Each structure stands twice: as C-alpha cells, then as structure tokens.
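Here are a few worked exercises to go through with the model open beside you. Try each task before reading its solution.

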Amino acid sequence: MLDRTASPLLSLIRRRRPGYSLEAPFYTSPEIFAADLEAIFEQTWLFVGVEPDVPEPGDAMTVDIGANAILIVRDDDMQVRAFHNVCRHRGARLVHEEKTTVGNLVCRYHSWTYDLSGALIHAEHMGSEFDRKCHGLKPVHVRSLEGLIFICLADEPPADFDEMAAAMGPYLAPHDIRNSKVAFQHDLIEPGNWKLTMENNRECYHCGANHPELTVPLFAYGFGFAPEELDEAEREQAARYGCLTDDSHAEWEKAGIPSRMLEHLDDMVTGYRTERLPLDGDGESHTMDTKAACRIPMGRFPSAKMGGLHFWTQPNSWHHFMGDHAVTFSVIPIDAERSLLRTKWLVHKDAVEGVDYDLENLIGVWMATNAQDSELVGFCQNGARTTAYEPGPYSPHTEMLVDKFCNWYIGRMREHFDPSTPAL
Ligand code: FES
Ligand SMILES: [Fe+2]
C-alpha cells in the first residue's frame, strides 16, 4: 500500500528541530526502521550480553539484529568470539537456541562442521578441489568491556570504542563482572519503536508519577529538576542531595572507586554516559528496602554502600551496578513498532539462589519498573500514529539527555545518508 504520509527521509533528517521529540515517521515508518537498521544497527557498537552468558568453552548465545543472525561463543582458549550464525554451505542457521553449549558447531542441514574458532573442519562429498579454508564462518567484531560484550556488524567499526573503553574500564573493573553469573534474564517485547524505549530510559521526569518501586532507592533529584519550581522544603532536599552526591563522590574517589560523571552522549560515535549516584535509605542497592539483595558482594569494594553506577551506551543499552548485584539492559529493534528489552540480573558467581539471595527481592524493582516503562512507551507509540501528534518540547531541566539521544541518532543518520553535512 502506498504510504502517503511518509516524507522522504533526507528532508525529515534535515528539518529535525533540536529540543523537540522526533516527527512521527521516525517512530512508525517501516522504511525509516529499515534505514535505522542500516545506519545505526549495522554500523555502531551494540551491547548484546555479558561474559557470564558464555562462561565456559563451548558456551554459545545468539542474537538477531534485524535480518542478521549473530552467534557468540567462548572458544577453547577462553576467548569470546562472534560470527554470523550462517552456514557457509547454503546459508542455514547454525545455532537455533538463544543459549546453548556445543563441542563444535555442526550445521543440521548437511553436517558441515566448524570449530569454535569458526574454521570449517568437516564437509563431506565436496570433492578434492574444495578448499575448506575458504569457507570458515564470517567473523563479527566483538569487544568485551570488563565483561560487557559489544558487537559491531560494520566492516570497520567506530574506532572511538577504545576511547570509551579506556575511560569506562576503571569504573567497571571494581564490579568484577567476569566473576558474576546471570541470576535471571527477562525478555520483554515493548509495544514501541526502539527510539521510544531509549528516550523513556534517558529521563526520570516520569519516575515520580510512574515508578513507586524505583523511586524507593533512587533519589528524585538525580536526573534534573527546575530549581525555580521547588518550594522551600524541596529546595532544601535538593541541596541535601547535592551535598550527599559531592560527599559520596569524594569518599568513593578517595577509596579508588571512580564515581564522577562522564558524558559523551552526542559528541562521540560510541556515545556513553556514566556516574555513580548515592542511593536513598540504606544506600546499598536497587531493592525495596535499599539493602543489598545478595549476601555475597559482587565486586571489590570498601563498603556495601557503593550507590549505583549507571552506564549508558548509544544506541541500545543502559546498566546499573551496585555493590551486591548489577542489572544490564539491551534494546533490540524488532520492527518499526516493537522492541525487545532484554534485562539480566548479575550476582557473584558463587551466590546461591534461596541461600544468598531471594530472586523475587533481587529482580522486584526492575521487573515492576520495566513493565511500567513498557506501558508508557506504548502510550507514546499510539500517539505517534494519530493525526494529532506533532513533536513536543523536551524539558530543559529533565529531558536534556533525551535530546542528546536524538541529537546522536540524527547525527548518525545524517552521516550515513547525508554525508555532505556535518554529523557530530
Ligand atoms: S546448509 Fe549447512 S551444511 Fe548445508
Ligand atoms: Fe521509567
């Protein structure tokens, strides 16, 4: 059917109004969704999982990015490798499960067999001229940032990953992600375009009205507010929060735990943000009682009260690292109006469910928060489909990081489809 509402992509990119949400086709059009896959998801570094997803040699996991099927395996030398999950014979998908353990990678169709380095080691009836060496699995770029696995489908991935890794390594290392295990994973299909899922994550304007669980450990003032709108009592609370953050940063930094904010959300291709924020109450964890959910600490810390380190990456992840557990989130686009939000809760690898942690307590805050966010994303998706929708203004006090997400997105689209104009 002819899409009479869609404007050509270039004019939509060029006329984007900074400080405002995007025009409707960015959230609804299958053509722009295809353009997003090409310009964003096939070009940039994507967060797809953690090393504890594949702890032992032969452990494998798969993830689909648009039409591309990716296979991540740990080889016999304990290296994490990534390949296209596509047999070099006639293209059959090699591994079908999301997580599995293999000896070699054997294609079910005609039994071509690859070792964990991707080399083709067995193919029957191919004749004496056939060169197995030319038919290994196609590699995909993969990097582990202190145990967080990123892949890039581009031939030449953005080089500034190294810059991010150098800056973020010291923040993440004390959490010792490689010595953790995935205690629980939850996949949620959100009824919205992937950009709405990301926009929702990049502000806490909506937290007070929608997240009764999350706002127990998280302070309301952590992500901005309009100072002139506060009454006397709120101003005092905000000032106290500011002092607490400064004091906590000073204390953590003195103990060798990097905590201060770093923000490169729209001035790097591999955009990111981090900061360690104090938590409310006992200050230990994202739980309903703000105490540690797991008895065994996850990292190497001087105290249980390490606040929450958040780490965001463009285009598709955010994470919260506490002293006792961590929660990682990846957004995988499904189509123009649906996205997969994959959440993993990590605890120390020796922690035993029911003994060292109670699963419901561990996952409670974010299970509730994700469900609430998914509903909110759906509200916006529905709105973007109506004739009434037009881009609305972002709050300069609480939605500046949403604006930076959109700046980054438009910058990437411009660089890909309109390279004559500056992108960043
Ligand atoms: S398609 Fe894989 S062995 Fe034939
Ligand atoms: Fe939210």
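**Exercise 1. Find the strand that pairs with S15 over five bridges in the antiparallel sense and lies at residues 326-335, then work out how S15 is packed.**

Step 1. Strand S16 (residues 326-335) is the one, running antiparallel to S15 with five bridges between them. Strands here are DSSP runs of type E with at least two residues, helices are H or I runs of at least four, and both are numbered from the N terminus. Two strands pair if DSSP finds at least two bridges between them.

Before going on, a note on the ground rules: this is a predicted model, in which local features need pLDDT of at least 70 and side-chain atom pairs count only at pLDDT 80 or more, while totals for chains, interfaces and linings use all residues. Residues are numbered from 1 along each chain as its sequence is written, chains are lettered from A and ligands numbered from 1 in the order in which they are written, and side-chain values use heavy atoms, leaving out hydrogens and water.

Step 2. Look at Phe321 in S15: its bridge partner in S16 is Ala326. The two strands make a hairpin with four residues between them.

Step 3. Now go to the other neighbour. S14 is joined to S15 by five bridges, again antiparallel, and Trp312 has Trp318 of S15 as its bridge partner. Three residues make up the hairpin connection from S14 to S15.

Step 4. Check burial (buried is under 20% relative accessible area, exposed over 50%, partly exposed in between, with a 1.4 Å probe and protein chains only). Five of the five residues of S15 are buried, so the strand is largely enclosed by the rest of the structure. Ser317, His319 and Phe321 cover one side, Trp318 and His320 the other.

**Exercise 2. Which strands pair with S10, and over how many bridges?**

Step 1. Strand S1 (residues 46-50) pairs with S10 antiparallel over four bridges; Leu46 has Ile151 as its bridge partner there.

Step 2. Strand S9 (residues 139-145) also pairs with S10 antiparallel, over five bridges, and Arg143 sits opposite Phe150. In the S9-S10 hairpin, with two residues between the strands, Glu146 takes a positive phi near 50°.

Step 3. Sort the side chains. Leu148, Phe150 and Cys152 point one way, Ile149 and Ile151 the other, and all are buried. That fits a general habit: in a regular strand the side chains alternate between the two faces of the sheet.

**Exercise 3. List the protein donors of the iron ion (ligand 2) and classify the arrangement.**

Step 1. Collect the donors (N, O and S atoms within 2.8 Å of the metal, or 3.2 Å for Na, K and Ca; water is not among the atoms, so sites may look incomplete). They are His206 (NE2), His211 (NE2) and two OD atoms of Asp373, 2.0 to 2.6 Å from the iron.

Step 2. Test the angles. Four donors are tetrahedral if all angles lie between 85 and 135 degrees; four are square planar and six octahedral if opposite donors are over 155 degrees apart and all others between 65 and 115; anything else is irregular. Here the four donor atoms subtend 55 to 148°, which makes the arrangement irregular.

Step 3. Place the residues. The spacing in sequence is H-x4-H-x161-D. His211 lies in the loop between helix H6 (207-210) and helix H7 (232-254), and Asp373 in helix H8 (residues 359-384), so the pair ties together parts 162 residues apart in sequence. Both His211 and Asp373 are buried.

**Exercise 4. What does Asn200 touch, and where is its place?**

Step 1. Asn200 belongs to helix H5 (residues 194-201) and is buried, with a relative accessible area of 11%.

Step 2. Leaving out residues up to four places away in sequence, Asn200 touches His206, Asp373, Leu376 and Val377. Contact means heavy atoms within 4.5 Å. Two of these you've already met as iron donors: His206 and Asp373.
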